[in-house]
Amino acid sequence: MKVKKYKASTMQEAMNLVRLELGDQAVILNSKAVKTSKFFGLMTKKSVEVIAAIDEEPVNKIVKVKADLPKEYKIDKEKNTLPVDSGNSNEIMASLQEMKRMMRGFATENKRDPQLPDFFYELEGKIKSTDLSGEMIEEAIEELYKIWFVNKDLSKTQMIKFLQSFFLDEVKNVNFNQNMYKKKFISLVGPTGVGKTTTLAKLAANAVLKQGKSVGFITTDTYRIAAIDQLKTYASILDAPIEVCYNAADFQEAKNKLAHLDVIFIDTAGRNFLNKEFVSDLKAVINFEEEMDTFLVLSLTSKLKDMKIITEQFWEVGIQQFLFTKKDETTSVSSMYSLIHHYQKGASYLTNGQSVPEDLIAATKETVVDYLIEEIK
């Protein structure tokens, strides 16, 4: 093995020297930033020192990844290995780690590695512009580097397919279940303006028309007269009874009156739930610990930071799943994936319009990831 040390002003210059003398098969053994003193220590100059090596024996060719990226070519995250024919995985991983450090150096200096195609940087930029967490963004980009390192002939379409597989794998253990009629009571909670009442009507219409269930409504939204009138209109269309509750006693009485029905949908007041006091007020009226599934309704037009705060506020009431609204009013839906991944809590439905009951989409891992990929393309 031939080993040599290189010193340059930047990592890019050092890597160019390595490639020029040792070629693309060279392995980076070590790299570090160093300072050189001049004029009796009064001035220092920053530079990069790289130790590289090249095997005297030719390295076996790396297995190429197929267009559809089958399972056997995926990175093993637990073992952190790459699909290669020979025992050179350690050298390849070392080179990969160095390439990642080099890429960060390029990003800091606003430079590009000429080895990487333009679409790679396009995808990287799109991923960074999403509402994914910083950690998830870094992992996704790292996976791009890994798969490109294994096969430098991948097209943009193939790279996107890999990203799709990666994002699906990240939520593989999250439960997505549209069968929300297992329990007698279904309550929707969430902040004002997210469309809870209209969504409730869509769910009820779906239960009546597609599930053949008898339904009823309870509303605790006594802060807005218009909300009560709106729900009464939907109840009339579905020929479903409705009860208006102002306190815990009213709520208990309403439950008794509607006990003969299959499913009872509960509409709650939309308040500023950034204030925890309003969540406490809601719990004083509704006993969320009974035979009830609670769905947190969030608008995709909201800021991710606010959505997380609201989720934390409602966490103690026992959220079954998310329900996202207003997909038709935004082109950015990565916040949905971000919440699902962060809390490992699935979504039941999405809404993409005001029509009842049409604009209701069943949420699955595949649909959520498809929307995310569409944003990244």
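This passage describes confidence, one helix, a buried lysine and some backbone features in a predicted model.

The protein chain has an average pLDDT of 79, and 76% of the residues score at least 70. Confidence within the chain is highest in helix α11 (residues 334–343), at a mean of 95, and lowest in helix α2 (residues 89–108), at 54. For residues 38–42 the pLDDT is below 50, and this stretch has 2 contacts in the model beyond near neighbours in sequence. The pLDDT also stays under 50 over residues 58–88. For that second stretch, the model has 55 contacts beyond four places in sequence.

Helix α4 spans residues 134–150 and contains 17 residues. The distance from its first C-alpha to its last is 25 Å, close to the 24 Å expected at 1.5 Å a residue. Of the 17 residues of α4, 12 are buried, so the helix is largely enclosed by the rest of the structure. The buried positions include the aromatic residues Y145, W148 and F149. Also buried in α4 are M136, I137, A140, I141, L144, I147 and V150, together with E143 and K146.

A further buried lysine, K345, is located in the loop between α11 and β10 (347–351). K345 has no salt bridge although it is buried, and D293, the nearest side chain of opposite charge, is 9.5 Å away. A polar atom of the K345 side chain lies 3.1 Å from the backbone oxygen of I319. I319 is also among the residues in contact with K345 when neighbours within four places in sequence are left aside. The others are V174, W315, Q320, Q321, F322 and I340.

Q344 is found in the loop between α11 and β10 as well. Its phi is near 50 degrees, a positive value in a residue other than glycine. With a relative accessibility of 39%, Q344 counts as partly exposed. A positive phi also occurs at D239, where the value is near 55 degrees. D239 is placed in the loop between α7 (225–237) and β6 (242–244). The relative accessible area of D239 is 72%, so this residue is exposed.

The peptide bond from V356 to P357 is cis, with omega near 0 degrees. P357 belongs to the loop between β10 and β11 (360–362). Most peptide bonds are trans, and most residues other than glycine have a negative phi.

Definitions and conventions: Residues are numbered from 1 along each chain as its sequence is written. This is a predicted model: local features need pLDDT of at least 70, side-chain atom pairs count only at pLDDT 80 or more; totals for chains, interfaces and linings use all residues. Side-chain values use heavy atoms; hydrogens and water are left out. Helices (H or I, at least four residues) and strands (E, at least two) are DSSP runs, numbered from the N terminus. The expected span of a helix is 1.5 Å times one less than its number of residues. Buried means under 20% relative accessible area, exposed over 50%, partly exposed in between (1.4 Å probe, protein chains only). pLDDT is the predictor's confidence in each residue, from 0 to 100. Contact means heavy atoms within 4.5 Å. Lys and Arg count as positive and Asp and Glu as negative; His and the chain ends are not counted. A salt bridge is a side-chain nitrogen of Lys or Arg within 4 Å of a carboxyl oxygen of Asp or Glu. A polar contact is a pair of N or O atoms within 3.5 Å; within protein, one must be able to donate a hydrogen and the other to accept it, and residues adjacent in sequence count only if both atoms are side-chain atoms.
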